[in-house]
Amino acid sequence: MADLSVSLGKLRLSNPVLVASGTFGYGEDYQDLVSLKRLGALVTKTITLKKREGNPAPRIVETYQGMLNSIGLENPGFKGFVETQLPFMRKIGIPVIVSISADKAVQFARLARALSRTAGVAAIELNISCPNLGKKGLIAQDARSVYKVVKATRRATKLPIITKLSPNVTDIGAIAKAAGKGGSDIISLVNTYFAMAVDVQTRTPKLGSISGGLSGPAIKPQALWMVRQAYKAVKIPIIGMGGIMNAQDALEFIVCGASAIAVGTATFVDPQSATKIIAGIESYLEEKRIPNLKKVIGSLKDGK
Ligand code: SIN
């Protein structure tokens with residue numbers, strides 16, 4: 001059997017396949033459909049300090065080869081999460097990565113501190129790249145803001161920090177470097193692309209909040225390119241995501257430098273996508289007689 005285990009700094013995973021934040025809820029809804037303990041890790045829907053109702057409906061629109069969402073971080077807030085969602089996740093027996101969002105560095109730090117004192121949290125993902133929070137720019141679009149948020153969170157917790165980056169930037173390398181300098185142990189990318197859809201019959205936006213974030217296979221080649229650029233810019237481990245539908249897609253990200261990958265939109269098509277991808281990666285290694293996945297990470301032969 002090939003060895004699929006990977007270490008992302010201090011975060012050790014039995015295999016490199018995670019379920020992406022916002023696409024798997026808090027795990028409980030999938031317990032009858034998916035062998036949850038097979039997953040490399042579960043990344044929760046993003047939580048905030050206070051409960052959020054999210055954006056007006058409609059909040060999901062299907063597009064060619066993709067999906068638009070404008071959920072707006074609906075979540076039960078820190079207290080609701082710890083009381084109602086975390087107890088189930090703790091019992092699964094895989095690393096639980098809690099995705100967090102806030103307006104300011106000090107609030108990210110507060111949430112991180114509170115999570116550090118909460119049993120059952122393996123790592124924190126800083127969601128600084130949600131495209132659905134209104135007119136203010138994304139933290140992930142400004143290297144100094146990224147540094148500030150990561151640094152403040154770093155001071156507040158010893159848990160591994162994953163910083164989730166946006167593709168809606170000119171220079172992903174500069175943003176990845178800022179996250180690393182601030183003390184991020186890992187980066188994850190990409191979140192969704194700013195996008196919209198229009199109903200020409202009514203000449204109105206299809207999403208209640210006008211714009212949303214595009215995910216799914218439509219963005220995969222762009223996401224792959226972003227991962228490659230980030231891999232060249234920083235030495236910290238990368239979790240790659242963006243339109244991964246099958247094991248071949250996942251392996252493309254790993255070859256380009258991702259130490260692990262996250263499955264998102266594919267779960268809406270087939271809830272078992274992530275576990276099928278794990279099996280597919282295993283078969284690839286066995287067919288190629290590669291004993292260890294680590295040999296594949298960043299192995300792209302691009303002459304550089
Ligand atoms: C949302 O809740 O709006 C989606 C989360 C994200 O894109 O980060």
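In helix α3, the buried residues are Val 146, Val 149, Val 150, Ala 152, Thr 153 and Ala 156. Seen down the axis of α3, these buried residues fall within an arc of 160 degrees, so they line one face of the helix. The general geometry of such a helix fits this kind of pattern: an α-helix has 3.6 residues a turn, so residues three or four places apart point the same way. The model described here is a predicted one.

The other face of α3, turned away from the buried side, carries Arg 144, Lys 148 and Arg 155, which are exposed. On the buried side, the cover over the buried residues of α3 includes two helices, α2 (105-116) and α4 (172-182), along with the strands β8 (123-127) and β9 (161-164).

The length of α3 can be checked as well. The helix takes in 14 residues, 143-156, and at 1.5 Å a residue these should span 20 Å. The C-alpha atoms at its ends are 20 Å apart, which agrees.

Elsewhere in the model there is a sheet. This open sheet has four strands in the order β5-β6-β14-β11, and their pairing is antiparallel. Strands β5 (60-63) and β11 (193-196) stand at the edges; each has a single partner strand, so one side of each is left without a neighbour in the sheet. On average, neighbouring strands of this sheet are turned by 40 degrees against each other, with direction ignored.

Within the sheet, strand β6 (residues 66-69) and strand β14 (residues 211-215) run antiparallel and are joined by three bridges. Asn 69 has Gly 213 in β14 as its bridge partner. In general, strands of a sheet pair through backbone hydrogen bonds.

Note on methods:
Residues are numbered from 1 along each chain as its sequence is written. This is a predicted model: local features need pLDDT of at least 70, side-chain atom pairs count only at pLDDT 80 or more; totals for chains, interfaces and linings use all residues. Side-chain values use heavy atoms; hydrogens and water are left out. The expected span of a helix is 1.5 Å times one less than its number of residues. Buried means under 20% relative accessible area, exposed over 50%, partly exposed in between (1.4 Å probe, protein chains only). The arc is that of the directions from the helix axis to the C-beta atoms. Contact means heavy atoms within 4.5 Å. Two strands pair if DSSP finds at least two bridges between them. Axes are lines fitted to C-alpha atoms, for helices over the stretch in contact, and angles run from 0 to 180 degrees between N-to-C directions.
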